[in-house]
Structures are given as structure tokens and as C-alpha cells.
Number of protein chains: 2
Amino acid sequence: MFAQNGYTGTSVADIAARADIGKGTIYEYFNSKEDLFFAVFEWYCKKTGAAVTVSISVLGASAAQRLDALNGSLMSLWDEIKDVFVLVMEFWAAASSSKMRQRFQIAFKQLYQDFRRIVSDLIVDGISRGEFREDIDPEAVAAALVGTWDALFLQAWFDPIFDPLEISQKFLAVVIQGLKKS
Amino acid sequence: MFAQNGYTGTSVADIAARADIGKGTIYEYFNSKEDLFFAVFEWYCKKTGAAVTVSISVLGASAAQRLDALNGSLMSLWDEIKDVFVLVMEFWAAASSSKMRQRFQIAFKQLYQDFRRIVSDLIVDGISRGEFREDIDPEAVAAALVGTWDALFLQAWFDPIFDPLEISQKFLAVVIQGLKKS
DNA sequence: TTCTGTTGACTGACCAGTCGGTCATTTATT
DNA sequence: AATAAATGACCGACTGGTCAGTCAACAGAA
């Protein structure tokens with residue numbers, strides 16, 4: 001319901017009705033509407049986090065191939081994420097609103113850090129294998145790539161024509177070309 | 001005030017008080033709170049749009065140099081945008097909320113399209129100059145780059161340590177390396 | 001009977017938008 | 001120049017409505 005109508009657009013009564021329980025019951029399990037919302041956020045983080053860790057476990061392949069696999073599995077999530085993606089925007093907004101700022105901001109920072117870490121490890125691996133150039137900054141590339149994925153979803157959300165998988169594959173090819181030793 | 005407390009966190013009465021005018025006066029100029037908010041959005045679009053068009057007017061330079069210039073002037077905006085960036089998140093959320101969806105969604109789609117166009121023109125120019133490879137998709141690279149810039153701001157917002165200018169410069173170097181004819 | 005879990009009516013706070021009215025400035029009249 | 005009439009920007013008290021959170025009461029199990 002948060003995904004459909006946003007945080008403020010969803011009342012606790014609505015949620016209770018949809019869940020076929022009384023409003024009071026919700027307060028048996030959550031201290032506040034905000035707590036409930038944060039729980040949804042944590043659920044969402046766990047869900048997407050799982051998708052990432054699974055996809056890079058393709059060991060043995062080259063770093064470039066693994067980057068591509070990660071990209072592919074992330075971007076192909078789009079179709080099933082599409083409807084829930086609004087939630088992410090709601091979370092961003094929540095992190096920016098002064099009331100809930102603290103917890104969401106910390107959680108997001110952590111989330112991005114973890115994600116960047118995974119990607120940068122992958123790149124470091126590529127360097128030590130002699131596959132990628134030594135003069136690149138793995139952290140920087142990781143941060144930018146993570147950002148790109150995020151933002152492609154965002155653009156796709158605004159524009160139904162936009163195909164994040166195709167775009168990201170073509171772009172990643174360029175990036176990998178730039179990473180490789182020439 | 002929207003940047004400080006978000007859309008729902010800001011009451012029209014608050015705005016009136018801050019502006020030292022009566023609440024009724026606001027309704028002389030705007031039909032609704034939503035209209036007022038959309039006006040802020042349009043103001044913001046104009047502001048950032050100007051920053052972009054100025055920075056790519058550095059003609060004569062190579063496509064790579066111009067890309068770098070665009071990147072630099074965008075990312076160095078961060079310090080002055082930092083405090084207002086929350087607005088963007090508010091706008092995203094607004095675009096996702098069912099009530100205001102239409103206008104914000106259309107505006108964002110347009111905004112991204114325009115921005116992608118600028119960057120892709122720059123890349124196409126690089127190709128026709130023989131500077132960049134012919135087998136790349138300018139649209140895709142442009143879309144991804146635009147996204148990356150957006151997302152670096154986002155990450156920077158969550159993490160004060162994060163330096164979007166440095167990261168983007170290092171990343172762009174890799175991308176340009178991948179774009180160039182080898 | 002007691003305990004556990006559930007419920008929805010109720011409350012108090014909040015808030016967008018309205019509307020009747022004020023008053024400084026401008027325009028018309030004498 | 002002096003006076004009167006018209007204007008419209010400005011105001012804030014008020015209305016109608018929403019909603020998060022509470023709590024007294026209820027139902028079912030043990």
C-alpha cells in the first residue's frame with residue numbers, strides 16, 4: 001500500500017483493512033506507523049541484497065564476465081521490481097524528511113557501502129588477476145557503477161520505453177573496455 | 001521549507017509565516033499547495049538546466065575534454081546544491097505519489113530526455129571526429145552517464161565523506177578510455 | 001475464571017482551502 | 001487641489017475533514 005499511495009497517502013486504517021485485521025492489532029506489533037514503514041524498508045533491503053549476493057557467486061569466470069553477470073541479474077530484476085520501485089523513492093523521501101531522517105539515512109549509507117564493497121572487491125580481483133589496469137580506483141568505479149544501476153531504474157520508472165537491461169549492458173561493455181589492459 | 005521538512009512536513013501556514021505574509025495571500029498567487037510545490041520544481045529545473053547548458057559551450061575542445069568539463073561543472077555544483085538536493089528526492093516522491101503523479105512524471109521524463117540528448121550529441125560528435133569508437137551506442141552511454149551523475153549526488157547526500165567530484169572524474173576517465181579508439 | 005489477542009469507536013491535533021472584511025493606493029470627479 | 005469612489009492585495013479566523021494513536025470492551029482458548 002505504501003508502494004501504491006506513498007507513506008502519507010496510506011493510512012494505518014487502510015493497511016489494517018487490507019490485512020483484514022483491526023487497526024489496534026497493528027499497534028500490537030509496531031509502535032508507530034513509522035516503525036511499520038521502517039520494517040517494510042528492512043524487508044526490501046534484505047530482498048534486494050539477496051538478489052545481489054546470489055548473482056556474483058558465479059566463481060571461476062573472469063572479472064569482466066562476473067561484472068556482466070551481476071549487471072544482468074540486477075537489471076533483469078526490473079520487471080518484478082517495477083511496481084515496488086516506488087517504495088525506494090518513498091524511502092529516499094523518508095530519509096530526507098526531518099522526522100525519520102536518522103534511521104533511514106544510516107540504513108541507506110550502510111546499504112550503499114555494502115553494495116559498493118561487493119563491486120569494488122570484484123574489480124580489485126580483476127586487477128590482481130592482471131585482467132584490469134592497475135591505475136584505476138576500484139572504489140570510485142564501484143561507487144559510480146552502483147549509482148548507475150540505481151539511476152537507470154529511476155529513469156526507467158519515469159519512462160516506460162526505457163530499457164534498463166539493454167542500456168546497462170551496452171554501457172558496461174564500454175566501461176569494461178576502459179578497465180581492461182590495452 | 002520544502003527542502004527542510006518535505007512536502008507533507010511543510011504546512012501552507014508555515015510558508016506564509018516564513019514569507020511574512022498571510023496564509024490567504026498565498027492563495028492569491030497559487031491555486032493550491034500542490035501548485036506552489038510544482039512552481040518550486042520548475043524553478044529548480046530551470047536553475048540546474050542553466051548550469052548544464054553553460055558548461056558544454058566550451059567549443060573547440062575535444063569531445064573527451066568537453067565531457068570532462070561537463071562532468072566537472074556538474075559535480076562541483078554539489079556544494080551549493082547540497083542543501084537543496086533534498087528537494088529532488090521530494091520531487092521524486094511527488095512523482096510517485098498517485099495524486100501529483102501526472103505532471104511531475106511528465107516533467108521528469110522530459111528533463112531526463114533533454115539531458116540525455118545533450119550528452120549523446122556530445123558523444124556522437126566524438127564519434128564523427130574519429131575520436132571515439134564507432135561500435136558504441138551514444139544513447140545508451142548518455143543515459144547511463146546522466147544516471148551516474150544523479151546517483152552520485154544521491155550517495156553523497158547519504159554519506160558526507162563521499163566526494164562526488166573526485167569519484168566522477170576517476171570514473172569518467174575509465175569510461176573515456178573505453179570510448180576511445182584503441 | 002483467567003489470560004491472550006483482538007477490535008473499532010473515540011480523541012485530540014493538525015491542516016488545506018475559503019471567505020468576509022480591511023486598508024493603502026490609484027483613478028475619477030468636482 | 002481636494003474629495004470621493006473603486007480597486008485589489010492582503011489577511012487570518014473558520015470550516016470540514018483526516019488521521020495517528022488509545023483504550024475499554026470483547027471473544028476464544030486453557
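Student: Which residue of chain B forms a salt bridge with D137(A)?

Tutor: Keep in mind that this is a predicted model. To count as a salt bridge, a side-chain nitrogen of Lys or Arg has to sit within 4 Å of a carboxyl oxygen of Asp or Glu. For D137(A), the closest N and O atoms are 2.8 Å apart, and the partner is K170(B).

Student: How many salt bridges are there between chain A and chain B?

Tutor: The pair D137(A) and K170(B) is one example of a salt bridge. There are also seven residue pairs in polar contact between the chains, both residues at pLDDT 80 or more. As for salt bridges between chain A and chain B, the count is six.

Student: Which helix of chain A gives the largest share of the side that touches chain B?

Tutor: Start with the elements that give two or more residues to that side: helix 1 (2-5), helix 7 (85-96), helix 8 (101-128), helix 9 (138-158) and helix 10 (164-179) of chain A. By class, that side has 25 nonpolar, twelve polar and nine charged residues. The largest share is 15 residues, and it comes from helix 9 of chain A.

Student: About how much area do chain A and chain B bury between them?

Tutor: People often give the size of an interface as the accessible area lost when the parts come together. Here, 46 residues of chain A are in contact with 46 residues of chain B. Q155(A), F158(A) and F171(A) supply 16% of what chain A buries against chain B, more than any other three residues. Carbon and sulfur atoms carry 69% of the total buried between the two chains, which is about 3900 Å².

Student: Now the DNA! Which helix gives the most to the surface near DNA strand D?

Tutor: Altogether 14 residues surround the strand, and the closest are K23(A), K33(A), G22(B), T25(B) and Y29(B). Two helices each supply at least two residues of that surface: helix 3 (23-29) of chain A and helix 3 (23-29) of chain B. The one that gives the most, with five residues, is helix 3 of chain B.

Student: How far is a polar backbone atom of G24(B) from a base nitrogen of DNA strand D?

Tutor: Let's look at the phosphates before the base. A backbone N or O atom of V12(A) lies 2.9 Å from a phosphate oxygen of DNA strand D, while for G22(B) a backbone N or O atom lies 2.5 Å from a phosphate oxygen of this strand. With G24(B), the partner is a base nitrogen, and the distance is 3.3 Å.

Conventions:
Residues numbered from 1 in each chain as written. Chains lettered and ligands numbered in written order. Predicted model: local features only at pLDDT ≥ 70, side-chain atom pairs only at ≥ 80, totals over all residues. Heavy atoms only, no water. Near = heavy atom within 4 Å. Polar contact = N/O pair within 3.5 Å; in protein donor to acceptor, adjacent residues only side chain to side chain. Helix = DSSP H or I, 4+ residues; strand = E, 2+ residues; numbered from the N terminus. Contact = heavy atoms within 4.5 Å. Buried area = accessible area lost by both parts, 1.4 Å probe. Nonpolar A, V, L, I, M, F, W, Y, C, P; charged D, E, K, R; others polar.
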